[in-house]
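Visitor: Hey, got a minute? I'd like to go through the charged pairs in this one, and then the strands.
Guide: Sure, let me put it on screen.

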Amino acid sequence: MKIIMLGAPGAGKGTQAKMLAAKYDIPHISTGDIFRANIKNGTELGAKAKEYMDKGLLVPDELVVDLIMDRFQADDCKNGYILDGFPRTIPQAEALDKALAAVGESIDYAINVEVPDENIVNRMSGRRACVGCGATYHIKYSPTKVEGKCDTCGADLIIRDDDKPETVLNRLNVYHEQTQPLIDFYSAKGVMKEVDGTVDMNDVFDAIVAILGE
Ligand code: AP5
Ligand code: MG
């Protein structure tokens, strides 16, 4: 099963993708996580990506497309994957389409997690991310057992550099301009599904599972 998670920054794509990856036993591929790992490891790609990410802008398509095409070659992708944060522009979606068509494949579902802009800044200011394993929490909606420490690996939690309110607003603008058009793109292909992302995260999950099947 090949699934794309769509939605504004902070809509809960990553939260749902992690839960879905565990349920369906397919990898969760987040371009944002891949860039953040590169930044942490001090790679050249990380340095390039950081320039854009810190401003709330998109990393140029060519950097993202090569990276993701490479990721698809890994063994764990043979039964499908959940894409989180890719594609994010029409050229990226076209590149993905072309690559899949070349091997006789296509996307099964694009799931749009709908959350209005008003809720987003509030969500982002409470998000905490684990420096060790990348797990995501929220100080109010998904708190850790011990404050500031990851439940899974015990490492410290941090606030993402791009979660400052002014950067979040930029990311929202970029989303509306460059990523929202993908909803029409995948609707035209007949694979677009919408879920309400404002309800409890477990209820969002149940709604997605109802679409994908048990
Ligand atoms: P990326 O990491 O993909 O960030 P994003 O799309 O802005 O999305 P987020 O990760 O911020 O939000 P999310 O939807 O995953 O929400 P989450 O589950 O964490 O990209 C970062 C940057 O990298 C981009 O700005 C760009 O520069 C670059 N980039 C990445 N991919 C790219 C591409 N393809 N092309 C070009 N550039 C690219 O949830 C948010 C918070 O809300 C959490 O605290 C969570 O606990 C909480 N929460 C989740 N669900 C609920 C719920 N139902 N109720 C209450 N709280 C909830
Ligand atoms: Mg995410």
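Guide: Let's begin at Lys-189, which counts as partly exposed because its relative accessibility is 42%. Keep in mind that this is a predicted model.

Visitor: OK, and which side chain does Lys-189 meet in a salt bridge?
Guide: Asp-97, with 2.8 Å from N to O. That pair links distant parts of the chain, 92 residues apart. Lys-189 sits in the loop between helix H8 (181-188) and strand E8 (192-196), while Asp-97 belongs to helix H5 (residues 90-102).

Visitor: Is Asp-97 buried, exposed or partly exposed?
Guide: Partly exposed, since its relative accessible area is 26%.

Visitor: How many salt bridges does the structure hold?
Guide: Twelve. Another one is between Asp-33 and Arg-36, again with an N to O distance of 2.8 Å.

Visitor: How far apart are Asp-33 and Arg-36 in helix H2?
Guide: Three residues, so about one helical turn separates them in H2, which covers residues 31-40.

Visitor: And what about accessibility for those two?
Guide: Asp-33 comes out at 32% relative accessibility, so it counts as partly exposed. Arg-36 has 25% and therefore also counts as partly exposed.

Visitor: Got any with buried partners?
Guide: Yes, take Asp-162 and Arg-171, whose side chains form a salt bridge at 3.6 Å, N to O. Asp-162 is at 9% relative accessibility, so it counts as buried. Arg-171 counts as buried too, because its value is 11%. The cut-off for buried is under 20%.

Visitor: Which residues are linked with Asp-162 and Arg-171 in a network of salt bridges?
Guide: Arg-127, Arg-160 and Asp-163 are in that network with them.

Visitor: Cool. Switching to strands: what joins strand E1 to strand E4?
Guide: Four bridges. E1 covers residues 2-6 and E4 covers residues 109-114, and the two run parallel.

Visitor: Give me a residue to click on. Which one stands opposite Met-5?
Guide: Try Ile-111 in E4.

Visitor: How many bridges join E4 to E8?
Guide: Five, and that pair runs parallel as well. To find the spot, look for Val-113, which stands opposite Val-195 in E8.

Visitor: Wait, E8 came up before, right?
Guide: It did: the loop holding Lys-189 lies between helix H8 and strand E8. So you can go from the Lys-189 and Asp-97 salt bridge to E8, which is joined to E4, and on to E1, which is joined to E4 by four bridges.

Notes: Residues are numbered from 1 along each chain as its sequence is written. Chains are lettered from A and ligands numbered from 1 in the order in which they are written. This is a predicted model: local features need pLDDT of at least 70, side-chain atom pairs count only at pLDDT 80 or more; totals for chains, interfaces and linings use all residues. Side-chain values use heavy atoms; hydrogens and water are left out. A salt bridge is a side-chain nitrogen of Lys or Arg within 4 Å of a carboxyl oxygen of Asp or Glu. Buried means under 20% relative accessible area, exposed over 50%, partly exposed in between (1.4 Å probe, protein chains only). Two strands pair if DSSP finds at least two bridges between them.
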